[in-house]
Amino acid sequence: MATTTDAPAADLAGTLDQMMHPYRGKMVEFPRLPPTGLARNEVLSVMEGLRAGEEARWKAGFASGAVYNGDAEHIDFVNRAYAMHSQANPLHPDIWPSSAKFEAEIVAMTAHMLNGEQAGAPIGSEEGVCGSVTSGGSESILLAMKTHRDWARATKGITQPEIVVPVSAHAAFHKAAQYFNLKLQLVPVDDQFCVDVAAVEAAVNENTIALVGSACNFPYGTIDAIDRLSEIARGRGIGLHVDSCLGGFFLPWAEKLGAPVPPFDFRLPGVTSMSCDTHKYGYAPKGTSVVLYRGAALRRFQYFTTSDWPGGLYYSPTFSGSRPGGLSAACWAALVSIGEKGYLEATRQILDAVAVMKQGVSEIPELRLMGRPIGVFAFTSTSDWLNIYQVLDQLSAKGWSLTGLQRPAGIHVSPTLRHAQPGVAERFVADLKESVAFVRENPDFQGGMAPIYGLAATVPDRSLVHGMLQQVMDVYYRV
Ligand SMILES: Cc1ncc(COP(=O)(O)O)c(C=O)c1O
């Protein structure tokens, strides 16, 4: 049925389509299986062309996050590890006990890095810190929330579960609430962009199963007062999940290098679970993360088992059945080849780049850093007339791929080893200064995404925005 929104919707779909499918009409396409398979060389040469065309931007350090290491030798090395174990499936540890070794050690190494040994019992013991390898940060978070839900139902009879989540926590907590029927109690952040602890305390009730804190959060890179959340969680006998998907492989090393990192891990007795991504600052290829728990009893609420299926006795620790053992192998290879010294050095290089980038932001009078971040950072406009989304547009035109924040509007940067290459942080500062100068001189300039960002952030009917986002995904799957 035609609606009044059809015309703009069609426009948006067209723009998105061009952006997401730039190869259409320019190279071989397969809307169905080829009747006869192509020669392998031919296939590889098509794929090689795509790779070569796409890597220049992230390699040169124009992307926020995305590729956290990107060193050619490191990539070749983890690719070899993947290729060697590409047939492995951890669902079959009888055939691939190597997968069990890799995953058990990935969990143990991550638990150790996050001070699991100070949790009061040895890592991997019944009372000690334990966990699972998952497919990414979102899966780690989803599993931790499901686990706390099932734990609270079994041990406290909670049937209307609620989680208390800072607005700055990752969208995966909203996803968990949708998927697992949890009531999301959103709490605001304070003027330093850390969770308002008094609001957390006020939001807790008899149905609360867990609190959430981030170390650090995605939007601003700030670290919530996990020590205070830990005390609330302990006092109320509820869970506390610390999301360290982004900071887990960064903050421990930054702390050792002298950065002001507050305790955020298993040193704090109220922390019951953590998420920590190996595929971000752990420098593993995309597709792995770790979820950790205080004690094996809690982890058992994550597991799936069935005893009466005609297909046999079945169990799986995470959401997937079959899993890519090659990714666990490559992750293990990344961790053990880099080692503590390598992570320290990588973090030092990134912190050096961040210092240059943050200094650059502070030299621009119309911009202000949001809170006091250590690595990942964000900035906003301090001036009524400087539209930060127009600045983002200008940076995009110069090749940068950064994230626009909303409520309040800002620009987020996840600095990686790509930004630690000589000259990249300086180029960021120069481009930022030029972009702000351009917007200062051309405040009415149109032609980028700024109006769409502005509209999406403020349109009162959020169902329109949801519809737009659904359209994005529909367009993604167009051939
Ligand atoms: C703080 C934080 N938590 C969770 C996630 C989700 O991770 P993933 O994209 O691997 O699912 C991210 C991703 O950027 C993140 O920054």
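## Around the ligand

How far is an oxygen atom of the ligand from a polar backbone atom of Gly137? In this predicted model, the two sit 2.9 Å apart. Lys280 makes a polar approach too, with a polar side-chain atom 2.9 Å from an oxygen atom of the ligand. Asp277 joins in through an N or O atom of its side chain, found 3.5 Å from a ligand oxygen. As for overall cover, the ligand has 390 Å² of accessible area on its own, and the protein covers 83% of that.

Zooming out a little, there are 13 residues around the ligand, and the ones that come nearest are Gly137, Ser138, Asp243, His279 and Lys280. By type, the shell splits into five nonpolar, five polar and three charged residues. Helix H5, which runs over residues 137–156, gives the most to this shell, with three residues.

## Further along helix H5

Ala154 is also part of helix H5. Is Ala154 buried or exposed? Its relative accessibility is 55%, and the cut-off for exposed is over 50%, so Ala154 counts as exposed. Now look across to Phe301: 147 residues separate it from Ala154 in sequence, yet the C-alpha to C-alpha distance between the two is 9.1 Å.

## The nonpolar cores

As a rule, nonpolar side chains in soluble globular proteins tend to be buried together. Here, the largest nonpolar core takes in 90 residues, and Phe379, Phe428 and Leu432 have the most contacts inside it. Helix H11 (residues 325–362) supplies the largest share of this core, 14 residues. There's also a second core, separate from that one, with 26 residues, among them Ala172, Ala176, Ala177 and Ala210.

Phe379 is worth clicking on. Setting aside residues up to four places away in sequence, Phe379 touches both Phe428 and Leu432. Its other partners include Val361, Leu367, Leu369, Met370, Ile388, Ile411 and Val413. The list isn't purely nonpolar, though, as Phe379 also touches Arg368 and Gly410.

## Ser99 in helix H4

Which helix holds Ser99? That's helix H4, spanning residues 97–113. Ser99 has a relative accessibility of just 2%, where under 20% is the cut-off for buried, so Ser99 counts as buried.

Who are its neighbours? Leaving out those within four places in sequence, Ser99 is in contact with Ala88, Asn89, Pro90 and Gly325.

Note on methods:
Residues are numbered from 1 along each chain as its sequence is written. This is a predicted model: local features need pLDDT of at least 70, side-chain atom pairs count only at pLDDT 80 or more; totals for chains, interfaces and linings use all residues. Side-chain values use heavy atoms; hydrogens and water are left out. A nonpolar core is a set of buried Ala, Val, Leu, Ile, Met, Phe, Trp, Tyr and Cys residues joined through side-chain atoms within 4.5 Å. Buried means under 20% relative accessible area, exposed over 50%, partly exposed in between (1.4 Å probe, protein chains only). Helices (H or I, at least four residues) and strands (E, at least two) are DSSP runs, numbered from the N terminus. Contact means heavy atoms within 4.5 Å. A residue is near a molecule or strand if one of its heavy atoms lies within 4 Å of it. A polar contact is a pair of N or O atoms within 3.5 Å; within protein, one must be able to donate a hydrogen and the other to accept it, and residues adjacent in sequence count only if both atoms are side-chain atoms. Accessible areas come from the Shrake-Rupley method with a 1.4 Å probe; for residues, only the protein chains shown count as cover. Ala, Val, Leu, Ile, Met, Phe, Trp, Tyr, Cys and Pro count as nonpolar, Asp, Glu, Lys and Arg as charged, and the others, Gly among them, as polar.
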